[in-house]
Amino acid sequence: MLEALLLLPLIGSGLVFAFRNSNSKYLAVGIAFVQMFLTFYMLSQFNSTPTVDSSLQFEINQSWSTFIKSTIHFGVDGMSMLLLLLTNILVPLIILSSFNENKGYSNNFYALILLMQFGLVGVFTALDGLLFYAFWEITLIPIWFIAGLWGDNEKRIKTTTKFFVYTFVGSLFMFIGLIYVYNNAASFELTDLYNASLNGTQQFFVFWLIFLAFAVKLPIFPLHNWQADTYTYSPTQGTMLLSGIMLKMAIYGVLRYLLPIAPEALLGTSGQVVMILSIIGVVYGALIAIVNTDIKRIIAYSSLSHVGLMVAGIFASAIITAKGGFSIEGAQGALVQTFAHGINIVGLFYCADILIKRFKTRDIREMGGYAKVAPKFATLFMIILLGSMAVPLTNGFIGEFILLKSIFDYDKVVAVFAGLTVILCAVYLLRLYGKAMFGAGDDKVLATLKDISAVEFTVLATLAVFVIMLGVYPSCIIEMVNSSLKFIYSSIKG
């Protein structure tokens, strides 16, 4: 089963690349939907019953190099299953969202998206440090081409170069960290990396080497400089991939690799520094979003703010656990919010794309009144917006509530600053919605506009269903990941 999930997007990418005509999008979306259905079938066969050792399922384990001591080892636990679902639900919707556009070299564009999907599936299932790093780098190649070839004509080279430099340099630090751990371990096998003979000082340096790669990818303040430009000037589908799925690689990496490999670093200042930087990002991102008028930048900075809260929750529980307590609440909240954020941010960027195409501008001050002529869009946009604002009975609520609870357990003062996200998020998102949908629009412009097309409605309605469904029944995610998190945080406690 896992072999099919790994090979289908790779083979599909080659087929779409070879399919050199305008109908390549239909082949690409067909492959992506088959991948999605295979993932749901895997979910139906997945046993989420908690076990002591978080046993892996659908394992592939083949030795390929005794010299390097690395294996082709893949497997799925609850955390992997969640991120496979997120990836394989969003990719077909992302491809479908481009159907109203005329992409030059469309077969290459869709082939790169499927290649990206292959890399993401590999990242979320690899159980060997070298294999994880290889797939981590594989994901960088297609997104670099997507942003560089189909992005904004004037800014794409500059912004793509900045993005590549940031992420590639960060990845090199992680590679150095993994090599160092490997030199003190029996092999690159994940469990051997967990059991590496590292003292406190060694763990401190390994922690920061590996964390730098994740901090760039998330991103965490002050390593966020690439994010707003890349999200703004990339094609919408590239921005969706980056914000909806790619940054989740770093959340996964922190939980799967960083914390179990270097738990003693949390006892020093490392964990506290990450907490401070995360909370700064929460407030900073929200404040920048409030004063911005570029719709894509507002959403980009809102993502920075939300991601900061997720990281703060993960580390709050990790620090509590490392100091002798035991808490997985922050990680539970982060993974619930990871799935919710993926759905919401893809929806927000698609809504922004629809508005930009209608009004021919990214400036929300030059939009207005679209709700008069687009009631379907106004409704679906509002549902996704409410999810991003973490309104009760939407997908963002329970994750954000658990995150704030975990941060409160860590430090009440820190929780006060983290809690500002609730107020500030409402300010910048309702301001965005108010100006775009109910502002004083030009009647001549509005007279030429129509409500959303069938393709646009399908994508937004599907996302809206997930917003409501996971708001009503979030426990399905918590139950899925509990076993994985108990195993990871038990290894932190030692």
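## Close-up views: salt bridges, cavities and a surface patch

Glutamate 456 counts as buried, at 6% relative accessibility. The model shown in these views is predicted.

**View 1. Arginine 358 pairs with glutamate 456 through a salt bridge.** The closest N and O atoms of the two side chains are 2.9 Å apart. This pair links distant parts of the chain, with arginine 358 in helix 13 and glutamate 456 in helix 19 (residues 454-472). The partners are 98 residues apart. Arginine 358 is buried, with a relative accessible area of 17%. Glutamate 456 is buried as well, at 6%. Both values fall under the 20% cut-off for burial.

**View 2. Aspartate 353 forms a salt bridge with lysine 357 in helix 13.** The closest N and O atoms of aspartate 353 and lysine 357 are 3.0 Å apart. Helix 13 spans residues 329-359 and holds both partners. They sit 4 residues apart, about one turn of the helix. Aspartate 353 counts as buried, at 9% relative accessibility. Lysine 357, by contrast, is partly exposed, with a relative accessible area of 33%. A network of salt bridges links Glu101, Asp353 and Lys357.

**View 3. Arginine 297 and aspartate 229 join helix 12 to helix 9.** Their salt bridge brings the closest N and O atoms to 2.3 Å. Arginine 297 lies in helix 12 (residues 295-322) and aspartate 229 in helix 9 (residues 227-233), so the pair ties together parts that are 68 residues apart in sequence. Arginine 297 counts as buried at 17% relative accessibility. Aspartate 229 also counts as buried, at 17%. Side chains of opposite charge can pair when their charged atoms come close. Across the whole structure, a search finds 10 salt bridges.

**View 4. The largest cavity holds about 80 Å³ of space.** The structure has 2 cavities of 30 Å³ or more. Which residues line the largest cavity? The lining consists of Ser302, His306, Gln337, His341, Asn344, Ile345, Leu348, Gly387, Ser388 and Gly396. Helix 12, helix 13 and helix 15 (375-388) are the elements that give two or more residues to this lining. Helix 13 gives the most, with 5 residues. By class, the lining has 8 polar and 2 nonpolar residues, and no charged residues.

**View 5. The second largest cavity holds about 30 Å³ of space.** Ala147, Arg156, Thr159, Thr160, Thr230, Tyr233 and Ser234 line the second largest cavity. Helix 6 and helix 9 are the elements that give two or more residues to the lining. Helix 6 gives the most, with 3 residues. The lining has 4 polar, 2 nonpolar and 1 charged residues. Helix 9 also carries aspartate 229, the partner of arginine 297 in View 3.

**View 6. Helix 5 and helix 6 supply a nonpolar patch on the surface.** How much accessible area does the nonpolar patch have together? The total is about 900 Å². The patch is formed by Ile141, Trp144, Phe145, Leu149, Phe164, Val165, Phe168, Val169, Leu172, Phe173 and Ile176. Helix 5 (129-150) and helix 6 (156-183) each supply at least two of these residues. Helix 6 gives the most to the nonpolar patch, with 7 residues. Helix 6 also gives the most to the lining of the second largest cavity, shown in View 5. Leucine 149 lies in helix 5. Leucine 149 is partly exposed, with a relative accessible area of 48%. That value is over the 30% required of patch residues.

**View 7. Leucine 355 is buried in helix 13.** Is leucine 355 buried or exposed? Its relative accessible area is 0%, so leucine 355 counts as buried. Leucine 355 and alanine 300 are 55 residues apart along the chain, and their C-alpha atoms are separated by 16 Å. Helix 13 also holds aspartate 353 and lysine 357 of View 2. Arginine 358 of View 1 lies in helix 13 too.

Note on methods: Residues numbered from 1 in each chain as written. Predicted model: local features only at pLDDT ≥ 70, side-chain atom pairs only at ≥ 80, totals over all residues. Heavy atoms only, no water. Patch = residues over 30% accessible without salt bridge, like charges linked within 9 Å, V, L, I, M, F, W, Y side chains within 5 Å. Areas by Shrake-Rupley, 256 points an atom, 1.4 Å probe, with all protein chains shown as cover. Salt bridge = Lys/Arg side-chain N within 4 Å of Asp/Glu carboxyl O. Buried < 20%, exposed > 50% of the residue type's maximum accessible area, 1.4 Å probe, protein only. 1 Å grid on protein atoms, 1.4 Å probe; cavity = no way out; pocket = protein on both sides within 12 Å on 5 of 7 lines; lining within 4 Å. Points joined across faces, edges and corners; volume = space filled by probe spheres on them. Nonpolar A, V, L, I, M, F, W, Y, C, P; charged D, E, K, R; others polar.
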